[in-house]
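Welcome, and thanks for taking a look at this one with me. Here are some notes to read beside the model, point by point.

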Amino acid sequence: MRTQKCHGRVIAAVLGCTALVLGVTGTASAHAQARDLGRQTLGANDGWGSYGTGTTGGAAADAAHVYTVTDWAGFKAALADGGSAPKIIRVKGTIDADGPSCASFEVPGYDFDTYLKTYDPAVWGHDKNLDGEPDNSPEGLRRASEAKQDAYIKAAVPANTTIIGVGKDAGFKGASLQIKAVDNVVVRNLTFESPLDCFPQWDPTDTADGNWNSEYDSAVIYGSTHVWMDHNTFTDGDHPDSTLPYYYGRIFEQHDGELDIVKGADYVTASWNVFEDHDKTILIGNSDSASTAAVDRGHLKVTFHHNLFSNLVERAPRVRFGQVDSYNNHFVAKDGFSYSYGIGMESQLVAEHNAFTLPDGVEAGSILKKWKDSPLTADDNYVNGEPTDLIAVHNAEVPTEILRSGAGWTPTLRTKVDPARAVPGIVDHCAGAGTLR
């Protein structure tokens, strides 16, 4: 049998990175299950997703609740069948949820040129937003058109579900998975090409110049518990921001997040994923408001390990409130990089044993971004192969935004922690969709 060497160990090529994950980090529950990916469960102590009852998804599904789907209608039907009974949905090939044209979602009377003329800052100004516009206004017709797209591209994932890609090329184009107010979901081995919002909203009051704001994350975990996102690839694919037009001098932003975790969600493990070619990547907690704090405080417990964050602008992740453990991840910055970790309201981030690869001109102090005064722990991180105190270099380079050390808690839900210096070789080889087999 042909073999390959990975992370200093010789493993069978037929199992590839699956064997590495099992043997090095214990991500899946048992080696014996390696060939039946749909029934793998999150291993003990593998991040916050393993807390309490753990995360098993649809592992207990009977034969009647195991589906293989190849199109968007079939996928939605499988999700709806059987309610919250354990189910396994195997995705074969790329499912295109972005098939209908934007014009097909337009309600009668909607016209983008009219929208642009009506809300041109030279006419409308920057003093008020468009929320109060009536239903028969250009903004009202935009809202109605958006609602049609919303109903089509969103898919609600029920409790006790595993969604697993078959082979190397499974995934979704233009879909938005809604993991909302449910428990026990597994999503693995899938490529998500970000949905394009056909009807972004103009907000004249967002910054001094206004901004276009879009909807639709590739996946959102909203008020849900025990979720395992593993070996997925999130990307803008054929529609990066560089292809988007400008109106009113601002980019016509048609992307939202790749993965957002909000509204009191809890006990999430994101492992061995690739997040690439995106702007606002991962948001944990979506507001500083008092009403949001009442829901999020004490929740948003999330673990990120062995993920590759490549060619991103920001939010990898941006954190509010949550106890977030981020270790053994590789961050590769390219043109347009702003920051990796956003330190937000009452966040308790632990960022340890990570590796950062920065190009010339990008300073290590930009890895952290202070939004609020929330202490964090950032130990044993390497930048371009050298051990680096991320808090110290940030404070030296950005003395107007001093960060404090000490998140106030110590993660215990970890499997084997790899040396930070070895992380790029491990993660770059084995993260993302298509590496499980």
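1. Let us begin in a loop. E346 sits between strands β26 (341–343) and β27 (348–352). This is a predicted model, and in it the phi of E346 is near 55°, a positive value although the residue is not glycine. Most residues other than glycine have a negative phi. With a relative accessible area of 34%, E346 counts as partly exposed.

2. A181 is another residue to look at for its backbone. Its phi is also positive, near 55°, and A181 is not a glycine either. You will find A181 in the loop between β7 (176–180) and β8 (183–188). Is A181 buried or exposed? At 62% relative accessibility, A181 is exposed.

3. While we are in loops, please check the peptide bond from A316 to P317: it is cis, with omega near -5°. Most peptide bonds are trans. P317 belongs to the loop between β22 (308–314) and β23 (318–319). R315 lies in that loop between β22 and β23 as well, and R315 is buried, at a relative accessible area of 15%. Beyond its neighbours within four places in sequence, R315 is in contact with K280, T281, I282, L283, Y339 and S340.

4. Now to the interior. The largest nonpolar core holds 65 residues, and F75, M229 and I261 have the most contacts inside it. Helix α2 (residues 72–80) contributes the most to this core, with 4 residues. A second core, separate from that one, has 8 residues, including Y115, L116, W124 and W212. In soluble globular proteins, nonpolar side chains tend to be buried together.

5. Two residues give a feel for the packing. Setting aside neighbours within four places in sequence, M229 is in contact with I179, V187, A219, I221, F234, L259, T269, A270, S271 and N273. I163, in strand β6 (residues 161–173), is buried at 0% relative accessibility. Not counting residues up to four places away in sequence, I163 touches ten-odd places you can click through, among them F75, L79, V187 and L190. For a sense of distance, the C-alpha atoms of I163 and P100 are 24 Å apart in space, with their positions 63 residues apart in sequence.

6. Aromatic rings deserve a point of their own, as the structure holds 31 aromatic pairs. Y119 and W124 form an edge-to-face pair, 5.2 Å centre to centre with 75° between the planes. Y119 is buried, with a relative accessible area of 0%. W212 and F252 also pair edge-to-face, with ring centres 4.9 Å apart and planes at 75°. W212 is in strand β11 (residues 211–213) and F252 is in the loop between β16 (250–251) and β17 (259–262), so this pair ties together parts 40 residues apart in sequence. Both W212 and F252 are buried. Elsewhere on the list, W72, F75, F172, F192, F234, F275, F309, F331, Y341 and F356 form one aromatic cluster.

7. What about charges? There are 17 salt bridges in the structure. E139 forms one with R142, where the closest N and O atoms are 2.8 Å apart. Both residues lie in helix α5 (residues 138–153), 3 residues apart, about one turn of the helix, and both E139 and R142 are buried. E139 also bridges to R143, with closest N and O atoms 3.8 Å apart. R143 is partly exposed, at 25% relative accessible area. A further salt bridge joins K416 and D418 at 3.3 Å, N to O; K416 is partly exposed at 37%, whereas D418 is buried at 1%. Shared partners link D135, E139, R142, R143 and E146 into one salt-bridge network.

8. My last point concerns D296, in helix α6 (residues 290–296). How far away is the nearest side chain of opposite charge? That side chain is K263, at 6.6 Å, and the buried D296 has no salt bridge. A polar atom of the D296 side chain does lie 2.7 Å from the backbone nitrogen of G264. Leaving aside neighbours within four places in sequence, the contacts of D296 are V262, K263, G264, G285, N286 and F321.

Definitions and conventions: Residues are numbered from 1 along each chain as its sequence is written. This is a predicted model: local features need pLDDT of at least 70, side-chain atom pairs count only at pLDDT 80 or more; totals for chains, interfaces and linings use all residues. Side-chain values use heavy atoms; hydrogens and water are left out. A nonpolar core is a set of buried Ala, Val, Leu, Ile, Met, Phe, Trp, Tyr and Cys residues joined through side-chain atoms within 4.5 Å. Buried means under 20% relative accessible area, exposed over 50%, partly exposed in between (1.4 Å probe, protein chains only). Helices (H or I, at least four residues) and strands (E, at least two) are DSSP runs, numbered from the N terminus. Contact means heavy atoms within 4.5 Å. Lys and Arg count as positive and Asp and Glu as negative; His and the chain ends are not counted. A salt bridge is a side-chain nitrogen of Lys or Arg within 4 Å of a carboxyl oxygen of Asp or Glu. A polar contact is a pair of N or O atoms within 3.5 Å; within protein, one must be able to donate a hydrogen and the other to accept it, and residues adjacent in sequence count only if both atoms are side-chain atoms. Rings of Phe, Tyr and Trp (its six-membered ring) pair if their centres lie within 6.5 Å; planes under 30 degrees apart count as stacked, over 60 as edge-to-face and the rest as tilted.
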